[in-house]
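Reader: I would like a close look at a single part of this structure, the open sheet, and then at how the rest of the chain is arranged around that part. Please keep to what the model itself shows.

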Amino acid sequence: MRKVQAVSRSALVRAVRNGVLLLLLPLLVRSSIFAEPPALPGPKCDDNLKGTRILLVVLDAVRPDYLDLVPMPNLEAIQQEGTSYEHAWVGQLINNTPPSHATINTGVFPRQHGVIGFEWADQFGRWITLFEVGGEERLSKLLIQSGVPTLADLVRQIYPCAHSVAISGPKAHAAVAMGGHTSADWILYASSSEQATPEGSAQYSDVKPATVPGHEPPAELLQNRALYEPGPLGPEDLDRWAVDAALMLLQRYQPRLLMVNLAEADVVGHATGGTTNPENMSRVMASLDEQLGRLIDWYRQEGLLEDTIIVVISDHGMVPNERNVEPNAIFKALNDSGTGRHPNATARTHIWLTDPSKGSEAAEAISTLQEPAILGVYYKEPGGSNYLLPPGSRLEEPMRATLSYLLSTYAGPTSPDLVIILRENTLLAKWPEGSHGLHGEITWGTQHIVFTLYGPGIEEGRVSDYPARLVDIVPTVASLMGLTFQDRDGVVLADAFEKPASEELVVQQNMQRVLGPLVYALCAQSAVDRGVPATECESITK
Ligand SMILES: [Zn+2]
């Protein structure tokens, strides 16, 4: 029998010994104020409480090594009673929030669901961006147009009246990418504006609930005064806000599928570099665990925990600019080759060219600089989806195989024309070293993620070396619910199951033989780049 406690006794003892409870106290006091949000009026759904439920929590941009910064008793309890993947990775490009959440929602790669990143040039050369006003609606429509089934669709195969909800603090694009497609889904996020602080953190103005057309939660939730909070608010407040909103919906409507993005480790990681500012990140991680605990507590108190599949995952990693590559020199070489970056582009290593026919010349021009921190430069065959290296490239196997796989996950008419491969902890930037973080680069630090499964049918206390990917979540949840999921890119993580189907195990084992060497190469390249032994990579089956 599973018996996850909100805070396990051994974890509490450890926390007290480490003095961490003192650090947590303000958060505990704060959360108790919001532990019982007001009940919402309104009709109940006909969906009853019996049967499987899904709680999916995305820890945005949380690197696995952040978990060592502070005790995380609620996450540790889930890990101890579930299955975790120590070499899990994003397993696709671009490793940023919209494509990752769209894949979490659909089980297919960006090349199929069409969300390449925050921005891209479409097949007619028009610039698509999710940053501008209306970007959320555009993202929702894109997922509908792709025609790919979603987690909510799967759940409704068994529970036609089930509510599915996607919530984020300030990240509309995370909530929409997770909750998009099925018109009955509710999508909720915090409308606010964010400013960086001199201490390397973020501050938010007044917060209020917001949604996108076609996905409106009940009006009583959107109008609930408890979700209107005056600023200034800190990063931890925004994650707490997202869980406040989730608890309101749970208490009133018991959504069968609840997806929550906790965004603030990403915000602080960008502003500080993450690993280069452990003090700030420790505070965020303690808060994340507190919020995870509040969610799990609701399921426990309602007697629903034993029927609930819990997925705790990060959508990508984060790397600090321990080394800068002068961006102007790179972009000058690009311009000298007879083309340039799309004028509206913000991405630096995934590049759409003003003249896509010049990809080969552009890749060669940047390669000729022989910048030591650039491993290689790929270009896309004009009109095709095949990525190539210019003659004389220094990039060697097995990294070539890893990059070929990753590039294939977004390759298509809308994918970038040029891709610059940087060494670990390197950014095309001019910031003071170690002061900022990004995650669009293609390294182990941006790809390595947290990945834990818990719930009915999941093996207890297992740590797997399988290189699980975001694309594996939907097939795995579908299999746990007794459903099959066609045309998927991922595999069922059968090694997490108490009673795996032998054919699903064989498929996964075959995939391990493909993916193991690729993940090892990425991990080992990171060790080479950082000048450390590849100790953490040795347990990868290759
Ligand atoms: Zn993210």
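Author: The answer begins with the sheet and its helices, then turns to the domains and a second group of strands.

This is a predicted model, in which local features need pLDDT of at least 70, side-chain atom pairs count only at pLDDT 80 or more, and totals for chains, interfaces and linings use all residues. Residues are numbered from 1 along each chain as its sequence is written.

The open sheet has 9 strands in the order β9-β6-β5-β10-β1-β11-β20-β2-β21, and its pairing is mixed. Strands here are DSSP runs of E with at least two residues, helices are runs of H or I with at least four, and both are numbered from the N terminus. Two strands count as paired if DSSP finds at least two bridges between them. At the edges stand β9 (208-210) and β21 (462-464); each has a single partner strand, so one side of each is left without a neighbour in the sheet. On average, neighbouring strands of this sheet are turned by 15° against each other, direction ignored. Axes are lines fitted to C-alpha atoms, for helices over the stretch in contact, and angles run from 0 to 180 degrees between N-to-C directions.

Within the sheet, β1 (residues 53-59) pairs with β10 (residues 257-262) in the parallel sense, over 6 bridges. Val57 stands opposite Val260 in β10. Helix α8 (residues 172-179) packs on the sheet and touches β1, β5 (164-168), β6 (186-191) and β10, with its direction at about 160° to that of β5. Contact between two residues means that their C-beta atoms, placed from the backbone, lie within 7 Å. Helix α10 (residues 235-253) lies across β5, β6, β9 and β10, and runs at about 170° to β10.

Glu136, in helix α6 (residues 135-146), is in contact with Ala172, His173, Val176 and Val212, leaving aside its neighbours within four places in sequence. Glu136 is buried, with 22 other C-beta atoms within 10 Å. A residue is called buried at 20 or more such atoms within 10 Å of its own C-beta, exposed at 12 or fewer, and partly exposed in between, with C-beta atoms placed from the backbone. Helix α3 (residues 73-80) is mostly covered, since 6 of its 8 residues are buried. The buried residues of α3 are Pro73, Asn74, Leu75, Ala77, Ile78 and Gln79.

The chain is divided into domain 1 (9-32 + 56-318 + 448-495) and domain 2 (323-430), with bounds that come from an automatic or database domain assignment. Their C-alpha centres lie 31 Å apart. At the boundary, 15 residues of domain 1 are in contact with 16 residues of domain 2. On the domain 1 side, α5 (110-113), β3 (119-121) and β4 (127-129) each supply at least two residues, and the largest share, 3 residues, comes from β3.

The second group of strands centres on β15 (residues 374-380). In β15, 7 of the 7 residues are buried, so this strand is largely enclosed by the rest of the structure. Strand β15 runs antiparallel to β17 (residues 418-422), joined by 5 bridges, and Gly376 stands opposite Ile421 in β17. Another 2 bridges join β15 to β16 (residues 387-388), also antiparallel. There, the bridge partner of Lys380 is Tyr387 in β16. The hairpin of β15 and β16 has 6 residues between the strands, and in this hairpin Gly383 takes a positive phi near 75°.
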